[in-house]
Amino acid sequence: APPAIIAPSILSANFANLGHDCSKKMEEGADWLHVDIMDGHFVPNMTIGCPVVSQIRGCVDRPSEPCGRGTFDCHMMIMEVRLPLPPHKWVGEFKKAGCDLYCFHYEAAVSSVAATDPTDKETTARTSPKQLIRYIHEEGMQAGIAIKPDTPVDVLWDIIESEDPAERPDMVLVMTVHPGFGGQKFMASELPKVAALRKRYPDLNIEVDGGLGLGTIEQAADAGANVIVAGSAIFGAQDPGDVIAKLREAVQK
Ligand code: DX5
Ligand code: ZN
């Protein structure tokens with residue numbers, strides 16, 4: 001399996017001290033920073049947009065390689081409500097703001113496709129998950145695709161196995177809570193999705209997000225997850241560096 005990557009979710013940071021909190025997590029041993037972008041439509045909560053992402057980017061060293069240390073892993077919980085604007089609207093903007101890995105939700109992409117006029121060939125092409133991945137790659141970012149608890153994992157096979165490598169995701173995110181808020185209870189019911197992905201794709205980056213901490217990491221690691229997002233478990237700890245080290249150990253053993 002690929003190496004362990006620990007990605008603190010900055011949703012649990014103190015937003016009045018965001019830059020400081022981000023650089024602190026890197027000093028404490030984080031590999032990536034997980035940046036939750038919420039629009040109040042795809043999920044019932046709102047967080048931050050490009051101006052804030054680009055300001056905190058300046059507080060953390062850029063990764064020297066794709067998926068290297070300092071990667072800004074932007075988890076895009078957004079959908080385009082002013083259709084027919086397609087979901088790639090934000091791709092270029094987030095690239096400019098300093099996003100390295102743009103992880104969109106399968107459900108958001110597909111709902112835009114469904115709401116698009118099927119005779120509008122250009123928009124239809126742009127809104128399919130594969131085309132969105134291609135577009136993210138063209139912008140020079142890594143591409144991730146996320147699924148919510150209610151979405152079956154087998155919708156992903158055809159996308160991950162795209163004939164054209166430009167249309168294949170670099171990472172899959174399996175949500176282990178209903179997205180929207182930090183501090184929710186881990187849903188072990190989602191782990192068979194992780195196991196099925198790991199079985200088919202030994203080298204794929206598989207991320208889990210929601211309710212991860214010292215009490216749940218073993219199950220997630222056993223299922224085959226290697227990219228671990230944790231918000232409250234890291235930011236709420238007495239010694240965040242120790243939690244980061246223990247999460248990494250659990251994945252590596
Ligand atoms: C939830 C977000 C998560 C969240 C995780 O919608 O995607 O990244 O911050 O928080 P914890 O680790 O506290 O469950
Ligand atoms: Zn997230």
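Select the shell around ligand 1 to begin, and colour its residues by type: they divide into eight nonpolar, 10 polar and two charged, where Ala, Val, Leu, Ile, Met, Phe, Trp, Tyr, Cys and Pro count as nonpolar, Asp, Glu, Lys and Arg as charged, and the others, Gly among them, as polar. The model is a predicted one, in which local features need pLDDT of at least 70 and side-chain atom pairs count only at pLDDT 80 or more, while totals for chains, interfaces and linings use all residues. For finding your way, residues are numbered from 1 along each chain as its sequence is written, chains are lettered from A and ligands numbered from 1 in the order in which they are written, and side-chain values use heavy atoms, with hydrogens and water left out.

**The shell of ligand 1**

Keep ligand 1 in view and display the 20 residues that surround it, of which S9, G180, D209, G231 and S232 are the closest; a residue is near a molecule or strand if one of its heavy atoms lies within 4 Å of it. Switching to a cartoon, you will find that β2 (32-38), β3 (71-77) and β8 (227-230) each supply at least two residues of this shell, and that β2 gives the largest share, three residues. The strands and helices named on this tour are DSSP runs (H or I for helices, at least four residues; E for strands, at least two), numbered from the N terminus.

Next, select the side chains of S232, D209 and H75 to look for polar contacts, meaning pairs of N or O atoms within 3.5 Å; within protein, one must be able to donate a hydrogen and the other to accept it, and residues adjacent in sequence count only if both atoms are side-chain atoms. A polar side-chain atom of S232 lies 2.5 Å from an oxygen atom of ligand 1, an N or O atom in the side chain of D209 is 2.7 Å from an oxygen atom of the ligand, and for the side chain of H75 the corresponding distance is 3.2 Å. On its own ligand 1 has 390 Å² of accessible area, and the protein covers 100% of that, as computed by the Shrake-Rupley method with a 1.4 Å probe, where for residues only the protein chains shown count as cover.

**The zinc ion**

Move now to ligand 2, the zinc ion, whose protein donors are H34 (NE2), D36 (OD), H75 (ND1) and D209 (OD), lying 2.1 to 2.2 Å from it. Donors are N, O and S atoms within 2.8 Å of the metal (3.2 Å for Na, K and Ca), and water is not among the atoms, so sites may look incomplete. What geometry do the six donor atoms of the zinc ion give its site? The site is octahedral, with angles of 71 to 171 degrees among those atoms; six donors count as octahedral if opposite donors are over 155 degrees apart and all others between 65 and 115. Along the sequence, the donor residues follow the spacing H-x1-D-x38-H-x133-D.

Of these donors, H34 counts as buried because its relative accessibility is 0%, and D36 counts as buried at 7%; buried means under 20% relative accessible area, exposed over 50%, and partly exposed in between (1.4 Å probe, protein chains only).

**Further stops**

Return to G180, which is found in the loop between β6 (171-175) and α8 (191-200) and is buried at 2% relative accessibility.

Select E207 in strand β7 (residues 205-209), which is buried with a relative accessible area of 0%, and then A143 in strand β5 (residues 142-147), likewise buried at 0%. By contrast, E138 in helix α6 (residues 129-138) counts as exposed because its relative accessibility is 54%.

Finish at C67, in the loop between α2 (50-57) and β3, which is partly exposed at 22% relative accessible area. Most residues other than glycine have a negative phi, yet C67, which is not a glycine, has a positive phi of about 65 degrees.

Conventions. Tetrahedral: all angles 85-135°; square planar, octahedral: opposite > 155°, others 65-115°.
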